[in-house]
Amino acid sequence: MHETMIAESIFTQISEEAIKQDAKPVSAKISCGKLNALNEDVLGFAFTAISKDTICEGMKILVEHKPLQAVCKDCDIKYDVDFLNIKCPNCQSENMELLPDSPLILEEIEFEKE
């Protein structure tokens, strides 16, 4: 159900931009954090169903999962978290703070070129 609401929101944003650009969208890239429970297959299926017989029909939706990040409390660098080894890559400390997971963002829309 979560993916259907996301698909509807993405569809609305893309449709509005297509009207502004007076162009047919062919693909869109969205990004979200690694911890986001977004199922790409379900999202794609929902978007396909919602966009049937619209300007968005046939679009490809690409999903990029951004890595979870942390800040080392000892040397203050920001790094991508690897759950198999959470140590800071700079100083090897395990004293870190997890940063918030990346939000779901519509990064870009590609339109058909004339």
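**Group meeting: surface, fold and side-chain contacts of a predicted chain**

Good morning. The accessible surface of this chain comes to about 7,500 Å², and 51% of that surface belongs to carbon and sulfur atoms. I should say at once that the model before you is predicted. As for burial, 29% of the 114 residues count as buried.

Let me turn to the overall fold. The chain has two helices and six strands, and along the sequence they follow the pattern α-β-α-β-β-β-β-β. The radius of gyration is 18 Å, well over the 13 Å that the globule rule gives for 114 residues, so the chain is more spread out than a compact globule. Taken along the principal axes, the C-alpha atoms fill a box of roughly 55 × 30 × 15 Å. Contacts across the sequence are also worth noting: among those between residues at least 6 apart, 70% join residues at least 24 apart.

I shall now take two examples of side chains that link distant parts of the chain, beginning with the aromatic residues. A pair of aromatic rings is described by the distance of the centres and the angle of the planes. The count here comes to one aromatic pair. Phe-11 and Phe-47 form that pair, which is edge-to-face, with 6.3 Å from centre to centre and 65° between the planes. Phe-11 belongs to helix α1, residues 2-21, and Phe-47 to helix α2, residues 40-51, so that the partners stand 36 residues apart in the chain. Are these two rings buried or exposed? Phe-11 counts as buried, at 17% relative accessibility, because the cut-off for buried is under 20%. Phe-47 is buried as well, with a relative accessibility of 2%.

The second example concerns charged residues. The structure holds two salt bridges. In one of them, the side chains of Lys-29 and Glu-64 meet at 3.3 Å, N to O. This pair also links distant parts of the chain: Lys-29 is in strand β1, residues 25-33, while Glu-64 is in strand β2, residues 60-66, and they are 35 residues apart. In the other salt bridge, the side chains of Lys-66 and Glu-64 meet at 4.0 Å, N to O. Which residues do the shared partners join into one network? They are Lys-29, Glu-64 and Lys-66. Each member of the network is partly exposed: Lys-29 at 25% relative accessibility, Glu-64 at 31% and Lys-66 at 26%.

Finally, the cysteines. A disulfide is a covalent bond between the sulfur atoms of two cysteines. How many disulfides does the structure hold? The number is zero. Why does Cys-56 have no such bond to the closest cysteine sulfur? That sulfur, in Cys-32, is 20 Å from the sulfur of Cys-56, which is too far for a bond. Cys-56 is also buried, with a relative accessible area of 0%. For Cys-75, the nearest cysteine sulfur is that of Cys-88, 3.6 Å away, and Cys-75 is in no disulfide. The reasoning rests on the cut-off, because a disulfide needs the sulfur atoms within 2.5 Å. Cys-75 counts as partly exposed, at 25% relative accessibility.

To close, I would draw your attention again to the edge-to-face pair of Phe-11 and Phe-47, and to the salt-bridge network of Lys-29, Glu-64 and Lys-66. Thank you.

Conventions
Residues numbered from 1 in each chain as written. Predicted model: local features only at pLDDT ≥ 70, side-chain atom pairs only at ≥ 80, totals over all residues. Heavy atoms only, no water. Helix = DSSP H or I, 4+ residues; strand = E, 2+ residues; numbered from the N terminus. Buried < 20%, exposed > 50% of the residue type's maximum accessible area, 1.4 Å probe, protein only. Phe/Tyr/Trp six-rings, centres within 6.5 Å; stacked < 30°, edge-to-face > 60°. Rg over C-alpha atoms; globule rule 2.2 N^0.38 Å. Contact = heavy atoms within 4.5 Å. Areas by Shrake-Rupley, 256 points an atom, 1.4 Å probe, with all protein chains shown as cover.
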